[in-house]
Amino acid sequence: MKTTEGGNDSMTGNRNRQKEQLKRIMAEEFTAVELNLYLDTHPHDKQALHMYNETVHRLHCLKEEYEEEFGPLSNFGTSSGRYPWQWIDEPWPWEINFCTCNRRGVK
Amino acid sequence: MWIYEKKLEYPAKICTTNPKLAKVVITQYGGPDGELAASLRYLTQRYSMPTPQTKALLTDIGTEELAHMEIVATLVYNLVKDASIQQIKAAGLDGYYADHDKALYFVNGDGVPWTAAYIQSKGDPVTDLHEDMAAEQKARSTYEYLIQLSEDPGVTETLRWLREREIVHYQRFGEALEHIYDHYSKDRYYFMEQKG
Amino acid sequence: MDNKRYCDPELARAHIVIQKLDETFSPMEALEKGTLFPELYCPYKYREHKYENHRRGERQYDGQQE
């Protein structure tokens with residue numbers, strides 16, 4: 001598992017940029033999840049559907065930008081791969097800590 | 001079928017090394033009211049749901065619960081990963097460590113392993129949805145107790161987020177129950193005629 | 001399943017108010033709070049002041065965040 005201890009500035013900067021982009025994607029996708037669940041019990045709500053589709057569009061743009069730099073967010077045929085196979089790249093989600101405290105070993 | 005997305009649903013935060021906290025948080029991973037139980041309950045009940053709305057809702061909430069399970073696993077993993085053997089012993093996790101090292105395993109706060117006895121799939125949609133609503137309330141209560149126990153501000157914030165999700169899920173299952181009552185009340189007179 | 005009938009009128013029956021879409025939080029605020037919908041946002045009102053050792057430089061943690 002990679003850590004940022006030792007102060008490699010460009011790696012830290014890279015990791016921080018990755019976390020910021022992930023947070024923006026999480027925000028839009030979470031909005032989509034909430035609207036999806038709402039629509040499951042309110043299938044005729046046109047306003048909710050419109051909001052969902054707008055969210056989907058923003059989300060796709062953010063994901064495209066993220067994947068260009070950091071590799072694929074999903075596999076099993078959802079997007080083409082680059083050489084060498086990036087799907088295996090670290091960090092995996094449980095290795096990214098969004099705590100902003102001054103914790104030793106935090107990524 | 002499921003596609004995995006390589007990100008958490010929420011930016012989980014863990015500010016300390018604290019195996020003692022991990023020992024209780026793990027109950028929302030492999031315990032009776034945890035996210036694995038929630039996920040498997042809904043994903044197995046969905047097959048016998050009678051309407052498109054209920055099949056979709058049980059599938060979608062069941063899927064979201066897997067994402068929550070992953071968040072709980074992330075909390076436990078990060079609370080334990082830098083712990084010394086002394087800290088693990090002091091936390092009362094030496095028994096767990098002997099069987100699992102620092103790996104994740106499906107147990108409750110006392111090391112009792114997960115069982116399908118935690119869930120029911122009764123086939124009757126009114127019955128199943130009541131079970132689902134109760135499950136969300138039990139999970140909410142458990143998160144509240146964990147919030148009381150937590151001394152890590154990042155973990156507390158993450159637990160609060162997971163608790164809020166239970167409230168939203170309760171609302172959706174409640175709406176599904178109202179929908180099921182409507183669904184059966186429309187057919188009521190037809191069934192009575194059939195019985196003659 | 002076809003012969004299920006539910007009695008009417010029912011005394012013991014759960015009633016849930018169906019949500020109507022109104023205002024929503026912004027995506028970032030929704031992510032922080034755990035819901036898109038203000039009417040479903042119900043934070044846990046628990047506050048406990050935890051003190052670490054009374055050594056200089058130790059942080060005081062307030063468990064309440066609303």
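**Exercise 1.** In this predicted model, determine whether helix 8 of chain B is largely enclosed or not, and check its length.

*Solution.* Begin with burial: a residue is buried if 20 or more other C-beta atoms lie within 10 Å of its own. By this criterion 27 of the 34 residues of helix 8 of chain B are buried, so the helix is largely enclosed by the rest of the structure. Next, consider length. Helix 8 covers residues 153-186 of chain B, and at 1.5 Å a residue it should span 50 Å. The C-alpha atoms at its ends are 51 Å apart, which agrees with that expectation.

**Exercise 2.** Identify which residues have the most contacts inside the largest nonpolar core, and which helix gives the most to this core.

*Solution.* The largest nonpolar core has 70 residues, and those with the most contacts inside it are Val25(B), Ile71(B), Val72(B), Leu75(B), Val76(B) and Leu79(B). Among the helices that each supply at least two residues of this core are helix 1 (9-41) of chain A, helix 8 of chain B and helix 1 (27-33) of chain C. Helix 4 of chain B gives the most, with 12 residues. For one of the listed residues, Val76(B), the partners are Ala22(B), Val25(B), Ile26(B), Tyr29(B) and Leu104(B), leaving aside residues up to four places away in sequence.

**Exercise 3.** Describe the contact between chains A and B.

*Solution.* Chain A contributes 24 residues and chain B contributes 31 residues. The side of chain A that touches chain B comprises 15 nonpolar, six polar and three charged residues.

**Exercise 4.** State where in chain B the pLDDT is below 50.

*Solution.* The mean pLDDT of chain B is 95, and 95% of its residues reach 70 or more. Over residues 188-196 of chain B, however, the pLDDT is below 50. Where pLDDT is low, the predicted coordinates should not be read in detail.

Technical notes. Residues are numbered from 1 along each chain as its sequence is written. Chains are lettered from A and ligands numbered from 1 in the order in which they are written. This is a predicted model: local features need pLDDT of at least 70, side-chain atom pairs count only at pLDDT 80 or more; totals for chains, interfaces and linings use all residues. Two residues are in contact if their C-beta atoms, placed from the backbone, lie within 7 Å. Ala, Val, Leu, Ile, Met, Phe, Trp, Tyr, Cys and Pro count as nonpolar, Asp, Glu, Lys and Arg as charged, and the others, Gly among them, as polar. Helices (H or I, at least four residues) and strands (E, at least two) are DSSP runs, numbered from the N terminus. The expected span of a helix is 1.5 Å times one less than its number of residues. A residue is buried if 20 or more other C-beta atoms lie within 10 Å of its own, exposed if 12 or fewer, and partly exposed in between; C-beta atoms are placed from the backbone. A nonpolar core is a set of buried Ala, Val, Leu, Ile, Met, Phe, Trp, Tyr and Cys residues joined through C-beta atoms within 7 Å. pLDDT is the predictor's confidence in each residue, from 0 to 100.
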